[in-house]
Structure formats: C-alpha cells, structure tokens
Amino acid sequence: MDQEKIGKLIRDIRKKNKMSQQQFAKKYGVTYQAVSKWENGKNIPDIAILKQICEDYHIDLNDLLDAKQTRKRHNKKWMIGSSIIILGLFLILLIFLFTRQDGFEFKKLTASCDDFTLYGSIAYTESKSSIYITNISYCGEENKQKYQDLLCILYEEDGKSKTEISRYHYQESEPITIEKFASMIELHVDHYENTCDIGKENSLHLEIEATDLDGKITTYKIPLTLSDHCN
C-alpha cells in the first residue's frame, strides 16, 4: 500500500470535481488538515471514509489501495491474488473482510467530547471483532504546552472495572504538543475477544495522559460513540 499514491489519487479526485480541501473535508466530516495529510501521503482515510469515497466516485476499493482509478470490476483471480498479498496487513485485511465476505458488520466510532475529534471503526462477526482508530485531532482551547511523556489508552468500561484494549505511548527526547501527539495516534486491534457487544452503551473510552517538563500530568478522558447498534 503506497500512501503517497493514494494521496495523489484523492487529490486528483478532489480537483477533478472542482472542490477545495475545505469542501472535500466537509463532505466526509473531517478537518481540512486531515485532507491535507491524505494528499501529502502522511496518512490515509479510515475504513469508513475510504469506502464512501469509492462509492461516491465509482472506484473499486482494492484499486484505490493500489492507487488505480478504474471502474468497479469483479475478477475472482485478481481478488484471490490481492488477498494473498495483503494478508497480514491489518487495515487492508479489515477492509477486505468487510467488503468482500458475507457476515461482517461495520460500525463507525466518533469522539463525544469537546476537546478531540476522531474517526474510527469496528468490524465484527459472530466470532471476533477488530478495531481501528486514527485521524485524531485536538480541537480544544489553544495549548502550546510541550509534553515529554504522552500516553493514550483505549479501554472498555462496564461501570465496575476498566479493561485495557490498546495503547499508544510517546516517550522521546523531543517534547511535543498535545495537538502533535493526537495526530500521531493510531490504534489497531485485531481479533478482540468481544464481538458485536463491544462499545455497547458507550462503554469505549480513550484516555490521554500528558506529562509536561515539570512532571505535571494533564488527563483527557474521551468517550467514544458507536454509529448505531448491533443488528
């Protein structure tokens, strides 16, 4: 998967349809900074947005991942070959499973707090679920404070206890802002033990702990909202 080629294709699609980055961002519910990152090859849209772009502009999802702008087609040999190549890459595997095989359901995750926006997704069957969270943006009050140690934890809470699912830890010599840290976070969880019940009654949360140069800790708690309920 070539992020730069995918970004170039997204830029070509946007310009061909005479849309600004701001207009394209509004269409898919993201910030224009996120669109800029896509087009510069620094990031890619999450699964839900990739799928929607493909539907809107009549592009085969696997072709988009290969950065080819062609009409949708169905070639069994090509699909089998592609599935072998992308085996082991979580993001592409998740897309492949959801779009090509029966039995998979797909739900979108968003942040329900004032300080952060994010776009994530859950794909599940009767036997497993997979979680993908990216495109996190800090949108709270301006904060130029630099932090030397930042930790993001994804957990599920049932009212009595917390179960950690995944974490992203930044602990480098160069201090960074909370805005920079948020843009770096990517959480991929495959084969999670729960299935459709994950995220039920807003049980999923992100928690960010930011330690500044004086050792002071600032904690952000971010409830996650599921797009809809299980069938």
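Me: Where is glutamate 164 found?
Reply: In this predicted model, glutamate 164 sits in strand E5, which covers residues 162-170.

Me: Why is glutamate 164 called partly exposed?
Reply: Its relative accessibility is 41%. Partly exposed runs between the buried limit, under 20%, and the exposed limit, over 50%, so glutamate 164 gets that label.

Me: What makes the link between the side chains of glutamate 164 and arginine 167 a polar contact?
Reply: They come to 2.8 Å, and the cut-off for an N or O pair is within 3.5 Å, so the pair fits the definition on distance.

Me: How do you know that lysine 8 and aspartate 12 form a salt bridge?
Reply: The closest N and O atoms are 3.3 Å apart. The rule asks for within 4 Å, so this pair counts. Both residues lie in helix H1, 4 residues apart, or about one turn of the helix.

Me: And what makes glutamate 142 and lysine 144 a salt bridge?
Reply: Their closest N and O atoms are 3.9 Å apart, and the limit is within 4 Å, so they qualify. Both of these residues are exposed.

Me: Why is glutamate 207 called buried?
Reply: Glutamate 207 has 12% relative accessibility, and buried means under 20%, so the word applies. Glutamate 207 also forms a salt bridge with lysine 162, at 3.6 Å between the closest N and O atoms. That pair links distant parts of the chain: glutamate 207 is in strand E7, lysine 162 in strand E5, 45 residues apart.

Note on methods: Residues are numbered from 1 along each chain as its sequence is written. This is a predicted model: local features need pLDDT of at least 70, side-chain atom pairs count only at pLDDT 80 or more; totals for chains, interfaces and linings use all residues. Side-chain values use heavy atoms; hydrogens and water are left out. Helices (H or I, at least four residues) and strands (E, at least two) are DSSP runs, numbered from the N terminus. Buried means under 20% relative accessible area, exposed over 50%, partly exposed in between (1.4 Å probe, protein chains only). A polar contact is a pair of N or O atoms within 3.5 Å; within protein, one must be able to donate a hydrogen and the other to accept it, and residues adjacent in sequence count only if both atoms are side-chain atoms. A salt bridge is a side-chain nitrogen of Lys or Arg within 4 Å of a carboxyl oxygen of Asp or Glu.
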